[in-house]
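Me: I would like to learn how to read an interface between two domains. Please take me through one case.

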Amino acid sequence: MPDEHTVGDAVYAKWPQTNLWFHATVVKSKKGYVTVRFNDEDATVETLPDKFVSAEGRFARSGSKSPGRKRSRSRSRGRSPGRKVKASPSPVKKTTTSTRTTTSTRSRSRSKTRVMRAETPTRQSARIQAKQIAEDVVDANGLTLRTSTVTSVTTTTTVNNHEASGTTTTTKTFVAEELVQKSRVGKTTEKDFGGVIGTFVMTLVMPIFIMHATFVANSGWVIKEHKHIAVRDLVDRRAIAIYGGWFVFQAILAMLPLGRVVEGVTLRNGTKLEYRCNGFIALLVSLAAFGAAVKLKYPVTIVCDLFPQLVFTGIVFSIVLSVALYIRARGCSNAALATGGNSGNIIYDFFKGRELNPRCFGGAFDLKFFCELRPGLIGWVMVNFCFISKDCLENKYPSYAAVLVAVFQLWYVADALWFEEAILTTMDIVHDGFGYMLALGDLAWVPFLYSLQVRFLIDNPQTYSWYTLTGFFLMNLIGFLIFRGSNSQKDAFRKNPYDPALAHLESMPTSAGKRLLVSGWWGMCRHPNYLGDLIMAFAWTLPCGFKFAMPWFYPLYFVVLLVHRAYRDDLFCRKKYGTSWNNYRERVKYQIIPYVY
Ligand SMILES: NC(=O)C1=CN([C@@H]2O[C@H](COP(=O)(O)OP(=O)(O)OC[C@H]3O[C@@H](n4cnc5c(N)ncnc54)[C@H](OP(=O)(O)O)[C@@H]3O)[C@@H](O)[C@H]2O)C=CC1
Ligand SMILES: CC(C)CCC[C@@H](C)[C@H]1CC=C2C3=C(CC[C@@]21C)[C@@]1(C)CC[C@H](O)C(C)(C)[C@@H]1CC3
């Protein structure tokens, strides 16, 4: 049972995202959450689940339970993940500890625990280690917790004798007291995407390019036959109704009380948001609705006829949404901001997005999560299918290459929605605010540019022998197996590093507590999932042939996007894992392509 807290109580509170506990004072206590003020120079206020707050007397008393009252887990596996003994968040000395193992020899055993006061050398190394941990710690949003003072560090060494497994493990629990830290989102000083000028150029170029690609999908880089198109020709009520109707339809599906509700990563204030994952159901319903529309002879090809108008509507919609998001974020508390979108420069912050998790309908509807996976991603599949339907109607026999690429892309989207909750740990959800980049990316770039190859193949049918088509299929399959295999391996490891199914994998410890895989897919290179994604991108484009440049935009853009993403992730991880990240880079040398890059 967590402690009862009264306003003004002196407590120890766990600093978000660390195993470090600090002096704090209770400001408010409500329904399982306690708002505390840390005794640091900034008097940082955080709201934490009550298990992360413990009365001071209770915390220091020998033999008392840990604040979280978690049972410490000991592992006795030979492999590295198994060797890790998860340090209890409790800094208290325990006289007895219940232990559990996760292997087949799993057994519950009372372990005899000897508590030793660390003498000077250990105490000194603990102080250094605690300081290093604190310096390396970065919160869920990539924010470094800056350390200014370490006034005292206490070390307890606990030796557990595991009778059942016959192994002896040593748990060192460090208590760092009165570390003065900050976790507020400071001004964003390191700007990526070329800073203010880069983001300004991208803000202008991205919509122009989407429009341009709409008119040249079937040709080279330039519009050869110049048709004069006025902006007023691009405004069409039917296009607005189709785009708006689709967005609302997807929003309704997303809000249906179907599918699992999962928790996202821990936020800076120690809390987690909940997300309803019913994306795969939304895809099935959308496909069924499309099938019904075709069967009922509803003119789905209107999407092809009004394509430029739809693209224009999507762009305008994304711009309006981004402006609304920017204005909304001006009224946000500091705690709600993304670390990367708080530079104070309107152009940069508008592009990157200021608010991390904008939600509406009383917090029930997460805009970024919804936009990233639903209207754009499922819309991309629908655009492909509308063009295939048009081809079937006009030519009787559809272009097999176009059908194959549409199937590959449906497969990719279905996979994303089947593993929907995996997106909750991607940098878009964890680090990036929701602004112009993601709004335009999700709602116009993905549905109207990612469909480039299928649109090209409809206008320029290519004929291939069955073994060439099989070759494309195998290439896509190989890419998919690498992409899915590596993403699932990492997800499984992050969910439970002691999963027996991962016992064959080697991992290395980091100063932030989490381990990093160094064998299996993640031993080949640091981003095997990007490699798989890229192989698929090429498998979707090769069928377009080499006569025209435009379809090749997608794999070229994707290389740039993923190389830049790998670079950004490297910066985040360096902050998060400190020197351990350098050791990891030494061990796993290549970024995306083993022995090449
Ligand atoms: N189709 C498209 O347009 C796009 C697709 N994608 C795809 O989205 C997917 C997600 O991409 P993204 O979020 O960028 O990156 P990753 O899925 O590669 O995630 C990077 C994070 O994984 C963790 N990690 C890194 N190395 C290891 C390791 N050795 N062991 C355990 N954990 C590790 C780290 O986080 P931590 O340690 O905190 O867990 C790191 O920050 C990719 O498959 C990518 O191809 C991405 C962009 C666009
Ligand atoms: C061009 C701009 C500078 C950037 C626009 C970027 C966006 C288009 C992409 C950023 C990350 C994305 C992801 C997917 C789609 C593209 C965007 C939005 C993703 C949903 C595709 C399906 C995958 O399986 C995924 C892993 C779920 C992807 C997550 C990232």
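**Reading a domain interface**

Reply: In this predicted model, 8 residue pairs, both at pLDDT 80 or more, are in polar contact between domain 2 and domain 3. On the domain 2 side, at least two residues each come from helix 4 (195–216), helix 13 (400–418), helix 14 (427–430), helix 15 (436–449) and helix 16 (452–459).

Me: Which helix gives the most to the side of domain 2 that touches domain 3?

Reply: Helix 13 does, with 9 residues. Sorted by class, that side of domain 2 holds 23 nonpolar, 10 polar and 8 charged residues.

Me: Where are the domains in the sequence?

Reply: Domain 1 covers 10–58, domain 2 covers 183–462 and domain 3 covers 464–597. The C-alpha centres of domain 2 and domain 3 lie 23 Å apart.

Me: How is the size of an interface often given?

Reply: It is often stated as the accessible area lost when the parts come together. Here domain 2 and domain 3 bury about 3,400 Å² between them, and carbon and sulfur atoms carry 69% of that area. Trp411, Tyr412 and Met427 supply 19% of what domain 2 buries against domain 3, more than any other three residues.

Me: How many residues of each domain are in contact?

Reply: The contact involves 41 residues of domain 2 and 35 residues of domain 3.

Me: How many salt bridges does the rule find across this interface?

Reply: There are 6 between domain 2 and domain 3. As for a single salt bridge, Asp192 pairs with Arg568, with 3.1 Å between the closest N and O atoms.

Methods
Residues numbered from 1 in each chain as written. Chains lettered and ligands numbered in written order. Predicted model: local features only at pLDDT ≥ 70, side-chain atom pairs only at ≥ 80, totals over all residues. Heavy atoms only, no water. Domains from an automatic or database assignment. Contact = heavy atoms within 4.5 Å. Buried area = accessible area lost by both parts, 1.4 Å probe. Salt bridge = Lys/Arg side-chain N within 4 Å of Asp/Glu carboxyl O. Polar contact = N/O pair within 3.5 Å; in protein donor to acceptor, adjacent residues only side chain to side chain. Helix = DSSP H or I, 4+ residues; strand = E, 2+ residues; numbered from the N terminus. Nonpolar A, V, L, I, M, F, W, Y, C, P; charged D, E, K, R; others polar.
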